[in-house]
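Student: Could we go through this protein together, one question at a time? I would like to learn how to read it.

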Amino acid sequence: MINHTHTGEASPQALRSICIVGGGTAGWSAAALLSRVLQGSGCRITLVESSDIPTVGVGEATIPPIFDFLRNIGADEVAFIRRCQATFKLGIQFRDWLHRGHSYWHPFGNLGVTINQRPFHHYYWKNLAEGHDEGLADLCPSVALAEDDKFAFPSPDGNWPGGAVAYALHFDAGLVAAFLREHAEAAGVERLDRRILRAERGEGEQIAAVHFDNGESLSADFYIDCSGFRGLLIEEALEAGFDDWRRWLPCDRAVAAPTAAQSVRTPYTVATARSAGWQWRIPLQHRTGNGLVYCSDFIRDDDAAEELREGLDGPPIANPRVLRFTPGLRKRVWIGNCLALGLSAGFLEPLESTSIHLIHTGLNRLLDLFPDRSFDPVLIDSYNRNVEREYVHIRDFLLLHYYPNQREGEPFWDHVRNIELPDTLVEKMALFERTGRIMSKHRELFSDISWFYVAAGMGLRPAAIDPLVDVAPFEEVRKVIVQLRDAMGAFRAAAPSHDAILDRLLDPKETRRPNFGAGAGWANR
């Protein structure tokens, strides 16, 4: 038995040891962040993983808060981009979702500027109603850049034409886990290469120890289950239960295969609707990630693999592999002294690149509600309620991509168009379709502007425009829109290519570092 003893000065009830079960992005993210936060506390962190068990490792796209996480663990963003073969991401282009031949953008960042304290998307509808044709590329810097395969950091004064912009990263998930492991081990995390046979349950809803196949075991005060879909601790030992959401999100499998790097590495993810699901394309420095997410009720695995191959830009450089999953969430992701993270907690298809973000918000929420050895049920109940709220919010946003489709006569798309929507989504969309308003709640991941981008992209139009829009004389609004359009055109013409930015960033002779927040001018010089 390996017993971790308390070595620092802390309250008698403070956690003395944490055992993280499983590596990959989830496990090593937990190890990297907790080792930094708990540094000097005397709490010992051990991560147990088996080198014989592969990780899922296909999640390669992120959303803008990835940079917050890198700062929180004290990582160098440039080193991370270089080591993890990363490229920049300005948003997602959705192809063929409304109907074949149609495409739309869900970019990061804002659209236009606030006028008279009203969000610009209300004026966007007004401008169209008045017969003008400015599109997102005329008013949103992320779309303007993405359409030209360009990228730029903010100007020295921190401004972009058309308001705030944000960006994220594409990267190699296997390299990310290695980067985080190195970071965590340097901070004192101990790694054990062991295969866990079983988890021993103690009194009540507690994990007492994990037992290895070599006869050893390990006990800790607190356990973080990062064992993937299996849920070795949270499900097999503590029987958390699982809420299956296939009635809303019917896709339950994916087949993935990489191809060679693109000749032009695009600064965005592509999500293309297919016969029974959708296909992703994610450009990295050294290769392109591809996969098809699909519903096994409507297509066989072999046919899905063939459909993926037909949609690739080049021949696969590795054999396709099939992943099976059930969308949904554990009924409780924190039980007693065990918290589930990543795939152990739940899964939502990667349509909006939220998988890694959910790992990081799970960790941030743990820090907000960090326990001592009493494991107060009030903390645990609060955590579980907030996790459920977050997953429901993202589930509803994903469903918005499906149900308004006009791909009539295609069995899968007919099915998702006729799904009985959850009440949470019915309420939100009724408000939008009647009034153009979207009332996102505090701390929800997807704000009003994201709901606008996808709802508008999927052909939804409000029956009425916010009456406060008419308070501002339209001729004055038009002046603002024309100024934005002209500034965007100049900005778009002057911006460097995404590949040029990457080449400069990866140049070992380049000693300057861009500021990844507002106020950077590195890439525009």
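Tutor: Gladly! Let us begin with a definition: a salt bridge is a side-chain nitrogen of Lys or Arg within 4 Å of a carboxyl oxygen of Asp or Glu. Please keep in mind that this is a predicted model.

Student: How many salt bridges does a search of the whole structure find?

Tutor: Side chains of opposite charge can pair when their charged atoms come close. Searching the whole structure for such pairs gives a total of 38 salt bridges.

Student: Which residue forms a salt bridge with Arg485, and how far apart are the closest N and O atoms?

Tutor: The partner of Arg485 is Glu134, and the closest N and O atoms are 2.9 Å apart. This pair links distant parts of the chain, with Arg485 in helix 15 (residues 474–494) and Glu134 in the loop between helix 4 (120–129) and helix 5 (136–139). The two are 351 residues apart along the chain. So the answer is Glu134, at 2.9 Å, within the 4 Å cut-off.

Student: Is Glu134 buried or exposed?

Tutor: Buried means under 20% relative accessible area. Glu134 has a relative accessible area of 4%, whereas its partner Arg485, at 30%, counts as partly exposed. Glu134 is therefore buried.

Student: And Arg281 with Asp313: which of these two is buried, and which is exposed?

Tutor: The side chains of Arg281 and Asp313 meet in a salt bridge of 3.2 Å, N to O. Arg281 lies in strand 17 (residues 277–283), and Asp313 lies in the loop between helix 9 (301–310) and strand 19 (321–324), 32 residues apart. Exposed means over 50%, so Asp313 at 56% is exposed. With a relative accessibility of 13%, Arg281 is buried.

Student: Why are Arg309 and Glu306 separated by about one helical turn?

Tutor: Arg309 forms a salt bridge with Glu306, with 3.3 Å between the closest N and O atoms. Arg309 is partly exposed at 37%, and Glu306 is partly exposed at 34%. They are separated by about one helical turn because they are three residues apart in helix 9.

Student: Which residues do salt bridges that share partners join into one network?

Tutor: We have already met two members, Arg485 and Glu134, as a salt-bridged pair. Through shared partners, the network is made of Glu134, Arg478, Arg485 and Asp486.

Student: What is the phi of Glu239?

Tutor: Most residues other than glycine have a negative phi. Glu239 sits in the loop between helix 8 (232–237) and strand 13 (242–244), and counts as exposed at 59% relative accessibility. Gln85, in the loop between helix 3 (77–83) and strand 4 (87–89), also has a positive phi, near 55 degrees. For Glu239, the positive value is near 50 degrees.

Student: Which strands stand at the edges of the six-stranded open sheet?

Tutor: The six strands follow the order 8-3-2-12-22-21, with mixed pairing. An edge strand has a single partner strand, so one side of it is left without a neighbour in the sheet. The edge strands are strand 8 (190–193) and strand 21 (334–335).

Student: What is the bridge partner of Tyr223 in strand 22?

Tutor: Strands of a sheet pair through backbone hydrogen bonds, either parallel or antiparallel. Strand 12 (residues 222–225) and strand 22 (residues 338–340) pair in the parallel sense over three bridges. In strand 22, the partner of Tyr223 is Cys338.

Student: Which helix gives the largest share of the lining of the largest cavity?

Tutor: There are three cavities of 30 Å³ or more, and the largest has a volume of about 60 Å³. Its lining residues include Val333, Leu358, Arg365 and Tyr383, and the lining divides into eight nonpolar, two polar and two charged residues. Helix 10 (355–368) and helix 11 (377–400) each supply at least two of the residues. The largest share, four residues, comes from helix 11.

Student: How many disulfides does the structure hold?

Tutor: A disulfide is a covalent bond between the sulfur atoms of two cysteines. Cys295 is buried at 0%, and its sulfur is 6.0 Å from the closest cysteine sulfur, in Cys251, which is too far for a bond. Across the structure, the number of disulfides is zero.

Note on methods. Residues are numbered from 1 along each chain as its sequence is written. This is a predicted model: local features need pLDDT of at least 70, side-chain atom pairs count only at pLDDT 80 or more; totals for chains, interfaces and linings use all residues. Side-chain values use heavy atoms; hydrogens and water are left out. Buried means under 20% relative accessible area, exposed over 50%, partly exposed in between (1.4 Å probe, protein chains only). Two strands pair if DSSP finds at least two bridges between them. On a 1 Å grid over the protein atoms alone, a cavity is a set of points where a 1.4 Å probe fits but cannot get out, and a pocket is an open set with protein on both sides within 12 Å along at least five of seven lines; lining residues have an atom within 4 Å of a point. Grid points are joined across faces, edges and corners, and a volume is the space filled by probe spheres set on the points. Ala, Val, Leu, Ile, Met, Phe, Trp, Tyr, Cys and Pro count as nonpolar, Asp, Glu, Lys and Arg as charged, and the others, Gly among them, as polar. A disulfide is a pair of cysteine sulfur atoms within 2.5 Å.
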